[in-house]
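Here are my notes on this one, jotted down while looking through the model. Have it open beside you as you read.

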Amino acid sequence: AHVWYSLLIRPKSANEIWCLVDENQKKQYWNDIETFQIESNDFLYSEDANVIDWDVARTFPTKYEDIYQLQQIRNMLRRILKLFLWNHPKGYFQGLNDIVSIIIMVLLDNVTKQQVNIIIVDGLSENELNNIEATTYAFLDSIYRSLSVNIIGIEKDIHAIGLLNNFIELLKVMNSKAIDINQQFLKQQT
C-alpha cells in the first residue's frame, strides 16, 4: 500500500524513491534472486533470457557509457531485468533496460551526491550497491503494477510507450538529467 500511495503522489526527488522500499522488501529481493537462481538462464525461457543478455550488452546511457562497462553494474542490470521477467513473464519489452539503467543512475547520483564515474562506483560499498539494486527493482515493479491492467485475475501486457512516457514525466520532476534522457529516447525512436 505504501508503494502505491507513493507512486500516486509521484516522488519529487530520488530521496523519495528510497522511502518506497523497506528492509523486508530488500531482503525479499535478494531471497528471490537466490531462490529462483536468477543468475542462471535455466529458469527462464531461453529466448527471453538471451534478449536480456543482448539488451544489457548494448546499454549505454548518455554520459554514463563508461559506468555500464563495469561488470558489477551490468550484473546488477541483468539481475533486475531477469527477476522482473520471472515475476512478469509478459512484461519484459525491448528498451526496458534503458529505463532500468536510468533508475540505477539516478540512485547512484543520489547516493554519491554527484554525477558518478567509474572511480566513484568502484568506491561504493557492496551494501550501497545492493541497496541501489533492490530499490531499483522495487521501483520498476511498482511502476509496472501501477500501469498494468488486471482483468479477472489475468495480468494484461502494458503498452511500452505508455510506460516510457510515464517514466520520463516522473524523471523530469525528479532529476534534471531527464531532459537529456528524453532526447536520447526520441533519437532512438526515429
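**Notes on the helix packing and the core**

1. Let's start with one helix pair: the axes of α5 and α6 come within 10 Å, with a crossing angle of roughly 125°. Keep in mind that this is a predicted model. An angle over 145° would count as roughly antiparallel and 65 to 115° as roughly perpendicular, so α5 and α6 are oblique to each other. The handedness of their crossing is right-handed.

2. Who makes that contact? On the α5 side you'll find I73, M76, L77, I80, L81 and F84. Facing them from α6 are L96, N97, V100, S101, I104 and L108.

3. Now the largest nonpolar core, which has 44 residues. I73, L96, I104 and L108 touch the most other members of this core, and those four also turn up in the α5–α6 contact. At least two core residues come from each of α2 (14–18), α3 (23–35), α4 (46–57), α5 (71–87), α6 (96–112), α7 (118–123) and α8 (126–147). The top contributor is α8, with nine residues.

4. Stepping back to the fold, the chain has ten helices and two strands. Along the sequence the order runs α-α-α-α-α-α-α-α-β-β-α-α.

5. A few whole-chain numbers to finish. Of the 190 residues, 49% are buried. Taking contacts between residues at least 6 apart in sequence, 71% link residues at least 24 apart. The accessible surface is about 10000 Å², and carbon and sulfur atoms account for 52% of that surface.

Technical notes. Residues are numbered from 1 along each chain as its sequence is written. This is a predicted model: local features need pLDDT of at least 70, side-chain atom pairs count only at pLDDT 80 or more; totals for chains, interfaces and linings use all residues. Side-chain values use heavy atoms; hydrogens and water are left out. A nonpolar core is a set of buried Ala, Val, Leu, Ile, Met, Phe, Trp, Tyr and Cys residues joined through side-chain atoms within 4.5 Å. Buried means under 20% relative accessible area, exposed over 50%, partly exposed in between (1.4 Å probe, protein chains only). Contact means heavy atoms within 4.5 Å. Accessible areas come from the Shrake-Rupley method with a 1.4 Å probe; for residues, only the protein chains shown count as cover. Axes are lines fitted to C-alpha atoms, for helices over the stretch in contact, and angles run from 0 to 180 degrees between N-to-C directions. Angles under 35 degrees count as roughly parallel, over 145 as roughly antiparallel, 65 to 115 as roughly perpendicular and the rest as oblique. A crossing is left-handed if the near helix is turned anticlockwise from the far one by less than a right angle, and right-handed if clockwise.
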